[in-house]
Amino acid sequence: MIPLHLHEIINAVKGEIRNYKPLLIDHISTDSRTITKDGLFIALKGDRFDGHNFLTQAIKQGAAAVLVSRIPEDIKDAEIPVVKVKDTLLALGDIAGCYRRRLTVPVIAVGGSNGKTTTKDMIAHILSKKAIAAKSYKSFNNFIGLPLTIFSADRKTDYLVAEVGTNKPGEIKYLSKILKPDIAVITNISATHLDGLKNPEGVFKEESQLFRTLKSGAIAVFDPSNKDLKRLAEYAEYKSVTFGIDSDADVTARDVKTSQDGIGFTIFKGESHYECFIPVLGSWNIKNALAAFAVAQLLGLRPEDICRALKDFKLPEMRMDRRLKGGVTFINDAYNANPVSVGLAIDELSAMETAGRKILVFGEMRELGRYSRRFHEEAAGVIASSRIDLLIIVGKDTRYTANKLSRIGSWDKRMLYYETVYEAISSLKKILKPGDTVLLKGSRANALEKIII
């Protein structure tokens with residue numbers, strides 16, 4: 001982090017100050033265990049923890065100053081600066097916005113309903129081959145994660161690649177205004193987080209804010225085959241670069257060849273073409289790679305170097321992560337799930353060449369609100385037309401999938417339903433045979449990864 005003067009922070013948050021001292025803050029933390037000398041501890045209040053209960057610990061750890069929304073009795077006599085604000089979470093964003101204005105490096109934002117973490121990691125991986133790229137840790141993309149990502153950039157940083165996420169209206173607009181990206185990618189827009197965003201139109205309005213709030217001169221990168229992104233582009237006032245498979249986009253992929261080792265394809269841009277290979281499963285990752293290719297080219301990297309960098313890319317944790325255990329191949333794609341990603345995963349399993357049976361462990365798709373029954377029933381249709389040999393269904397709302405499938409052909413004999421993952425584990429121990437391939441797909445709360453442990 002590039003040090004900030006304490007008075008800059010006070011001005012950014014419009015806070016009240018006790019015990020003011022002219023300090024340089026070179027570290028900002030929301031975790032009292034990680035605060036260091038010359039650091040600012042921000043006391044956030046969440047559903048499970050309240051940072052105000054750890055102020056004494058933060059001061060003992062060496063915090064140079066603290067930022068609070070209330071002053072507890074145990075720090076009233078503290079000698080270090082105490083900055084008081086109405087809302088410490090919004091203050092964190094205000095400080096991040098102030099810090100962002102200090103940065104002179106290209107800033108890339110990645111949003112969308114599916115694939116944003118992988119695309120963000122691909123972009124950072126490519127850039128890191130030639131320079132120093134700071135990026136969001138894992139899926140740090142919210143009111144806390146995005147500011148902390150911004151603070152991770154320092155004087156040595158050449159690029160900042162940040163993920164922008166949402167689960168309720170207004171989040172992306174707020175985060176985008178803090179980040180002010182030079183290049184913004186929306187991977188796609190589809191039915192996700194309907195608990196907070198209410199309906200598909202709400203998803204469109206929210207996700208589209210990443211482009212709607214772009215500063216003058218910024219560039220939007222997107223797939224025009226996505227109907228909502230195409231709709232957004234019709235009245236866009238920004239520069240854009242498009243990507244897609246077998247389309248009229250600026251960057252396209254053709255001649256796709258898949259194997260157990262990964263995916264080979266040819267990237268076409270204008271009259272030029274380049275051979276690429278990504279050592280990952282999941283054909284949808286081609287589009288993620290095309291988005292990363294487009295961004296890297298905009299930043300001046302040579303196409304040959306971009307393709308070379310992609311050859312050793314590794315997917316983030318719990319994204320099509322293949323492991324062999326007891327002769328059974330487990331593919332863990334259980335970090336998250338929504339109707340589009342479930343359909344893609346099922347198609348992927350169907351197309352695989354396997355020694356034994358193809359088994360899908362399907363967990364609930366969470367945060368679908370009043371649309372949950374509809375989308376779980378629609379998943380039954382996708383499964384019914386697949387080449388899956390055995391289906392293990394886990395979770396409360398997946399009963400809609402099970403009920404729908406029970407009325408389709410012979411699925412009663414090819415399907416087992418369990419309320420919890422622990423019940424499924426017990427059953428799978430008796431069912432699985434060497435040579436089987438098991439795909440785990442469900443939202444994170446299902447904890448399907450426990451099946452592999």
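In this predicted model, helix H1 (residues 6–13) lies across strand E2, strand E5 (39–42), strand E6 (65–68) and strand E7, and the helix runs at about 15 degrees to E7. These four strands are a convenient way into the sheet that they help to form. The sheet is open and has 5 strands, arranged in the order E2-E7-E6-E5-E4 with mixed pairing. Strand E2 (16–18) and strand E4 (27–29) stand at its edges; each has a single partner strand, so one side of each is left without a neighbour in the sheet. Direction ignored, neighbouring strands here are turned by 20 degrees against each other on average.

The pairing can be followed strand by strand, beginning at the E2 edge. E2 and strand E7 (residues 82–84) run antiparallel and are joined by 3 bridges. Within this pair, Glu16 stands opposite Lys84 of E7. On moving inward the direction changes, with E6 and E7 running parallel through 3 bridges. Lys84 turns up again at this point, as the bridge partner of Val68 in E7. Lys84 of E7 thus faces Glu16 and also pairs with Val68.

The next step leads from E6 to E5. These two strands run parallel as well, and 3 bridges join them. Here Ile42 stands opposite Leu67 in E6. The connection between the two strands passes through helix H2 (residues 55–61), and E5, H2 and E6 together make a right-handed β-α-β unit. The side chains of E6 deserve a closer look. Ala65 and Leu67 point one way from the strand, Val66 and Val68 point the other way, and all of them are buried. Two of these residues have already appeared in the pairing, Leu67 opposite Ile42 and Val68 as the partner of Lys84.

A second β-α-β unit is found further along the chain. It consists of E20, H15 and E21, and this unit is right-handed. Strand E20 (residues 390–394) and strand E21 (residues 415–418) run parallel, with 4 bridges between them. Among the paired positions, Ile393 stands opposite Tyr417 in E21. The helix of the unit, H15 (residues 399–405), contains Thr401. What is the relative accessibility of Thr401? The value is 0%, so Thr401 counts as buried. Beyond its neighbours within four places in sequence, Thr401 is in contact with Phe362, His376, Ala379, Ala380, Ile383 and Ile393. One of these contacts, Ile393, is the residue that stands opposite Tyr417, which ties the helix residue back to the strand pair.

The cysteines complete the picture. How many disulfides does a search of the whole structure find? The search returns 1 disulfide, which joins Cys276 to Cys307 with an S to S distance of 2.2 Å. The link of Cys276 and Cys307 is left-handed, with -65 degrees about the S-S bond. It connects distant parts of the chain, as Cys276 belongs to strand E16 (residues 272–278) and Cys307 to helix H12 (residues 303–310), 31 residues apart. Are the two ends of this link buried or exposed? Cys276 has a relative accessibility of 6% and therefore counts as buried, given the cut-off of under 20%. Cys307, at 4%, likewise counts as buried. A further cysteine, Cys98, is also buried, with a relative accessible area of 11%.

How values were computed: Residues numbered from 1 in each chain as written. Predicted model: local features only at pLDDT ≥ 70, side-chain atom pairs only at ≥ 80, totals over all residues. Heavy atoms only, no water. Pairing = 2+ DSSP bridges. Axes fitted to C-alpha atoms, helices over the stretch in contact; angles between N-to-C directions. Contact = heavy atoms within 4.5 Å. Buried < 20%, exposed > 50% of the residue type's maximum accessible area, 1.4 Å probe, protein only. Right-handed = clockwise from strand over helix to strand, strands pointing away. Disulfide = S-S within 2.5 Å.
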